[in-house]
Amino acid sequence: SLATAGYIYFLGQTILRHRLLDRHEIVSRIVVFIVMAMLLGAVYGVLVRLIGQPTGPLAEAVDILIASILVLILYDPVKVALERQVERYLARERSQHIAALLDMKNRLPGLIEVNPLLDTLFDGTLQTGRIDLASIYFYDEVRAGFRLRRWEGDPELTLMPAFAPRPFIDGFLEGRSSYLLEELETSVDRSPTPDWVEGAIASMRSLQADLCLPLRIGPTVIGVWNLRAKPASPSFSEEELDLLGEVANQAAVMIDNSRSFERLKERDRLAALGEMSAGLAHEIRKPLGAIKGA
């Protein structure tokens, strides 16, 4: 019965998710599930027994309630710690990458200018060696396209200097939080597929990217962050995708704020220049008037 329940659970996971769980994720979840069930079951039993014998009609219900509250308090921190230990043992490279992403996410709020922000993004992404190529494109309103702002890593071919927004960003406009190349290639075999899928696959191959994340401000995509995993590296896990999406959203807001700050500084500079010009013209006009009168 337990084996059947576990099988149905993981079958449901594969049906509900956009992409199948890889071997490391399946093993990690099985180990965490079994250990948590045994650990919390033991804690629950010990707590109920230690509370004491029933002393009234509702005493047993109160004992169970207190034990349940304590189990709920312990559940999240114990599960997180256990998941980290299992992930560190089964997928050390992925665990190091997640730790680097968390550190990068914590350092981003202290940055204002774009260049230090990009330094933090690329350093945090490439330092573990899981990603061997990263690039970022910003939308250029003048040329109506995405232009390469920066890249680091080892590209096989020269990266595209620019690419057209459509149909590449149509999936992002429809609500997709990211493009995973292997997922898009698998979806092509199904029918029907959205019109933008084949164009997105072709663009990702030209960008030499396994994962594309939008830098989004509301409905507007102001940039695209592209990552390529090194050869023979495991696929991006759900946790990595969620964390990278959070970092991309955070970076988009900070880039937009930095641009607004630059526009504000430029406006203040022009205003100061106008005041200085008016004052200078007035000071020049006075001696010229005196010379003309003389």
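Arg176 is partly exposed, with 24% relative accessibility. Its salt-bridge partner is Glu183, and the closest N and O atoms of the two lie 3.2 Å apart. Glu183 counts as buried, at 17% relative accessibility, because buried means under 20%. The model is a predicted one, and a search of the whole structure finds six salt bridges. The points below take up salt bridges, a buried residue of strand β6 and a nonpolar surface patch.

**Salt bridge between helices α7 and α8**

- Glu185 and Arg205 form a salt bridge, with 3.0 Å between the closest N and O atoms.
- This pair links distant parts of the chain: Glu185 belongs to helix α7 (residues 181-188) and Arg205 to helix α8 (residues 196-207), 20 residues apart.
- Arg205 has a relative accessible area of 54% and is therefore exposed, since exposed means over 50%.
- Glu185 is partly exposed, with a relative accessible area of 33%.

**Salt bridge between strands β1 and β6**

- Side chains of opposite charge can pair when their charged atoms come close.
- The side chains of Asp132 and Arg228 meet in a salt bridge, at 3.0 Å from N to O.
- Here too the pair links distant parts of the chain, with Asp132 in strand β1 (residues 131-140), Arg228 in strand β6, and the two positions 96 residues apart.
- Arg228 is buried, with a relative accessible area of 11%.
- Asp132 counts as partly exposed, at 22% relative accessibility.

**Salt-bridge network**

- Asp119, Arg150 and Glu152 are linked in a network of salt bridges.

**Asn226, a buried residue of strand β6**

- Strand β6 spans residues 220-229 and includes Asn226.
- Asn226 has 1% relative accessibility and so counts as buried.
- Beyond its neighbours within four places in sequence, Asn226 is in contact with Leu133, Ala134, Ser135 and Tyr137, and also with Leu207, Ala209, Leu211 and Cys212.

**Nonpolar surface patch**

- A nonpolar patch on the surface is formed by Ile26, Ile30, Phe33, Ile34 and Met38.
- Together these residues have about 490 Å² of accessible area.
- Met38, one of the patch residues, is in helix α2 (residues 23-51).
- Met38 counts as exposed because its relative accessibility is 59%, and exposed means over 50%.

Conventions
Residues are numbered from 1 along each chain as its sequence is written. This is a predicted model: local features need pLDDT of at least 70, side-chain atom pairs count only at pLDDT 80 or more; totals for chains, interfaces and linings use all residues. Side-chain values use heavy atoms; hydrogens and water are left out. Patches are made of residues with over 30% relative accessible area and no salt bridge: like charges are joined within 9 Å, nonpolar side chains (Val, Leu, Ile, Met, Phe, Trp, Tyr) within 5 Å. Accessible areas come from the Shrake-Rupley method with a 1.4 Å probe; for residues, only the protein chains shown count as cover. A salt bridge is a side-chain nitrogen of Lys or Arg within 4 Å of a carboxyl oxygen of Asp or Glu. Helices (H or I, at least four residues) and strands (E, at least two) are DSSP runs, numbered from the N terminus. Buried means under 20% relative accessible area, exposed over 50%, partly exposed in between (1.4 Å probe, protein chains only). Contact means heavy atoms within 4.5 Å.
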